[in-house]
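I opened a fresh notebook page for this one and wanted to read the fold before anything else. Here is what I looked up, in the order I noted it.

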Amino acid sequence: MSELNKILKKWQVDLLLKDWNLMIKIVEFKRKDFKQSGDIKVNSKDKKAVVLLTNKPFKGEEEVIIYELVHLLLWDFDHLCEKLALKNSKPFEGDHDRYMGKLEETVDKITKILISKYKK
């Protein structure tokens, strides 16, 4: 766990998130519809977030940490856009489904850029 915390701290500094209180928690994801490698729980008011990592790794933990921190960087923008998408559709249908797909594509692309350019 100490190695994961070192990775988290490195990327917290690199992504200019020093004003956030960040933690890692190892969990067992219970979803049956797909394998989940990570998630992030955010309290933007208090600037606290917990990066959840699976207890059954199948992806590199550093990539998952970066991926979840990119979600944190986009958090306010994401929630604004999601509210707009939900005005015209139900959750995970129509505009909302398209929005969620584009969000995940964007986070994935930014993560890959960060890894290729800045991972040392």
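**Entry 1: contacts along the chain.** I started with the contact statistics, keeping in mind that this is a predicted model. Of the contacts in the chain with a separation of 6 or more, 60% are between residues 24 or more positions apart.

**Entry 2: elements and overall dimensions.** Next I listed the secondary structure and found 4 helices and 3 strands in the chain. Reading along the sequence, I wrote down the pattern α-β-β-β-α-α-α. I then checked the radius of gyration: 15 Å, close to the 14 Å that the globule rule gives for 120 residues, so the chain is as compact as a globular protein of that length. I also looked at the principal axes, along which the C-alpha trace spans about 45 × 30 × 30 Å.

**Entry 3: surface and burial.** What share of the 120 residues is buried? I got 36% for the chain. For the outside, I noted an exposed area of about 8100 Å². Carbon and sulfur atoms supply 55% of that area.

**Entry 4: the sheet.** In what order do the 3 strands lie in the sheet? My note says 1-3-2, in an open sheet with mixed pairing. Strand 1 (21-27) and strand 2 (38-43) are the edge strands, and each of them pairs on one side only. From one strand to the next, the twist averages 20°.

I then went through the pairing of strand 1 with strand 3, residues 48-54. These two strands run parallel, and 7 bridges join them. For a landmark in this pairing, I picked Lys25, which stands opposite Leu52 in strand 3.

**Entry 5: one residue up close.** I chose Ile65, whose place is in helix 2 (residues 61-73). Is Ile65 buried or exposed? Ile65 has a relative accessible area of 0%, and the cut-off for buried is under 20%, so Ile65 counts as buried.

Which residues does Ile65 touch, leaving out those up to four places away in sequence? I listed Leu4, Ile7, Leu8, Ile24, Val51 and Leu53. I followed up on one of these partners, Ile24, which is 41 residues from Ile65 along the chain. The C-alpha atoms of Ile24 and Ile65 are separated by 8.8 Å. Val51 and Leu53, also among the partners of Ile65, sent me back to my sheet notes, where strand 3 is given as residues 48-54.

Key:
Residues are numbered from 1 along each chain as its sequence is written. This is a predicted model: local features need pLDDT of at least 70, side-chain atom pairs count only at pLDDT 80 or more; totals for chains, interfaces and linings use all residues. Side-chain values use heavy atoms; hydrogens and water are left out. Two strands pair if DSSP finds at least two bridges between them. Axes are lines fitted to C-alpha atoms, for helices over the stretch in contact, and angles run from 0 to 180 degrees between N-to-C directions. The radius of gyration is taken over C-alpha atoms; the globule rule is 2.2 Å times the number of residues to the power 0.38. Buried means under 20% relative accessible area, exposed over 50%, partly exposed in between (1.4 Å probe, protein chains only). Contact means heavy atoms within 4.5 Å. Accessible areas come from the Shrake-Rupley method with a 1.4 Å probe; for residues, only the protein chains shown count as cover.
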